[in-house]
Amino acid sequence: MPEGPELHLASLFVNRVCSGVVFTGPVRKSEVSKSPDVPFTCDAYRVTASSRGKEVKLTLTPVKTDGSTPGVEARPADRPMDIVFRFGMSGYFRFTAEDELPKHAHLRFRSSEKPCRVLSFVDARRFGSWVPNGTWQTDRGPCIMFEYKSFRENVLSHLSDRAFDRPICEVLLNQKYFNGIGNYLRAEILFRLNIPPFVQARTVLEGLESEDPFVKGEPMKEESADTKTSHRNSKKKLEVETADLLRLCHTVPLEVVNLGGKGYDPEKSDYSDFQAWLRCYYVDGMKSIRDHNGRTMWFKGDPGPMAPKDSKSPKAKKRIKKEDDHDYVGKKKVPRRRSKSTTKENAVKSQMGTNKEKVEPLRGTRSKRRMSAPKKQEDDVHENKHRTPRKRKCNSAEKADGTRSTAGPQRRSARLTRHNNK
């Protein structure tokens, strides 16, 4: 996500490429964008830009032509208009030829030259927005880079606010006080100060002075006759300087702005300087954990007593070339390389698939057996109809030729005659 340095670089980019260029006609919006239309049209106007924290303001200034009548009040379309942009997750500006317009160009300013060139606001995810006739958001605090004194006073004068009851890593993303700080900046700032991310913000900030004794990173000069005492004082000043969180919120973003000296360039594909500058964010060996808002926090060592209990710290990840949290250029995403774990999982899945294929024929034979069982029963019944009944075994009372023996009835009659004679 673009942060304060990226939006400031975007404003520098617009001022550089639009210097001396005259734009004309209406400001056109794409059909898919849900942001408002820009009610501005002019025969000739110029575009300039400025930034404040996580906002960029484009100023459209009409250029006076020979046809303008002196003493006549200018029409609304002939008056300057400010458009305030918020970049969301993937917004940036590009200045290209009309036939090379980017795919996700949602707001376009056409130049009057031939061949025509177009300044466009590109936003692939469409989380960005703009406000015609807009102003800086009132609920955002002073800029961390270019309003340092006001920024410092605003934070230290509101330490009693309930917002500072939360962990310092979450308060750093509160744009009401830290306008311009984002995910990678908070990780780098807390890492340099060796501050656990999940400690209460008030305990970290309450010991700081409202006025910074160091101006632009240079300590105030103090005369001292003794070289030893001056050396000790310089060490103490260095410790105080490195322990000042608000000062690093001001100086660290400026380091990103000054990286390489090339400025903001949407077509730039070399991020080696930025990667070398990172010390904590997505760096090998660092830990990461999700804060209470679901944002990933990178750190080293103990997370602190206010760390979420139900959140597990994943294993240290390798640094990747570019993440969306600080993606301020229109670079194509590079496909990720498969890790050893994913290749092992794929191998296991493929092996399970082959085992299933082996099992399926067995299941098929079982089903065939089950289907063939009723047919076999029918065949048995059909055969039984044509079979001859089995012969009963001859008892001792039956003769071998099948005639019934008369010995039994004769014995009974003899018994009856004897009984009657008695």
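How many aromatic pairs does the structure hold? There are 20 of them, a pair being two rings of Phe, Tyr or Trp (its six-membered ring) with centres within 6.5 Å, called stacked if the planes are under 30 degrees apart, edge-to-face if over 60 and tilted for the rest. The model is predicted, so local features need pLDDT of at least 70 and side-chain atom pairs pLDDT 80 or more, while totals for chains, interfaces and linings use all residues. Residues are numbered from 1 along each chain as its sequence is written, and side-chain values use heavy atoms, with hydrogens and water left out.

**Stop 1: an aromatic pair and its surroundings**

Select Tyr282 and Trp298, which form a tilted pair with 4.6 Å from centre to centre and 40° between the planes. Tyr282 sits in the loop between α8 (272–277) and β10 (287–290) and Trp298 in strand β11 (residues 296–299), so the pair ties together parts that are 16 residues apart in sequence; helices (H or I, at least four residues) and strands (E, at least two) are DSSP runs numbered from the N terminus. Tyr282 is buried at a relative accessible area of 16%, and Trp298 is also buried, at 2%, where buried means under 20%, exposed over 50% and partly exposed in between (1.4 Å probe, protein chains only). Now add Tyr184, Phe274, Trp277 and Tyr281, which ring pairs link with Tyr282 and Trp298 into a cluster.

From Trp298, display the hairpin that β10 and β11 form, with five residues between them and, in the turn, Gly294 at a positive phi of about 85°. The two strands run antiparallel and are joined by four bridges (strands pair if DSSP finds at least two bridges between them), with Lys287 opposite Phe299 in β11.

**Stop 2: the nonpolar cores**

Next select Ile168, Phe178, Leu205 and Leu245, the residues with the most contacts inside the largest nonpolar core, which has 50 residues; such a core is a set of buried Ala, Val, Leu, Ile, Met, Phe, Trp, Tyr and Cys residues joined through side-chain atoms within 4.5 Å. Its largest share, seven residues, comes from α7. Apart from it lies another core, of 29 residues, among them Val21, Tyr45, Phe109 and Leu119.

Show α2 (148–156) and α7 (245–257) together: their axes come within 11 Å and cross at roughly 145°, axes being lines fitted to C-alpha atoms, for helices over the stretch in contact, with angles from 0 to 180 degrees between N-to-C directions. Tyr148, Phe151, Arg152, Val155 and Leu156 of α2 meet Leu246, Arg247, Cys249 and His250 of α7, contact meaning heavy atoms within 4.5 Å.

**Stop 3: two open sheets and a helix**

Move to the open sheet of four strands, ordered β2-β7-β8-β6 with antiparallel pairing. β2 (28–29) and β6 (91–97) are at its edges with a single partner strand each, so one side of each is left without a neighbour in the sheet. Seven bridges join β6 to the antiparallel strand β8 (residues 117–123), and Phe93 has Phe121 of β8 as its bridge partner. Helix α1 (residues 4–17) packs on this sheet, touching β6 and β8, and its direction makes about 15° with that of β6.

Keep α1 in view and add β3 (41–52) and β4 (55–62), which α1 lies across, running at about 150° to β3. These two strands belong to an open sheet of five, in the order β1-β3-β4-β5-β9, again with antiparallel pairing. Finish at Phe85, which stands opposite Trp130 in β9.
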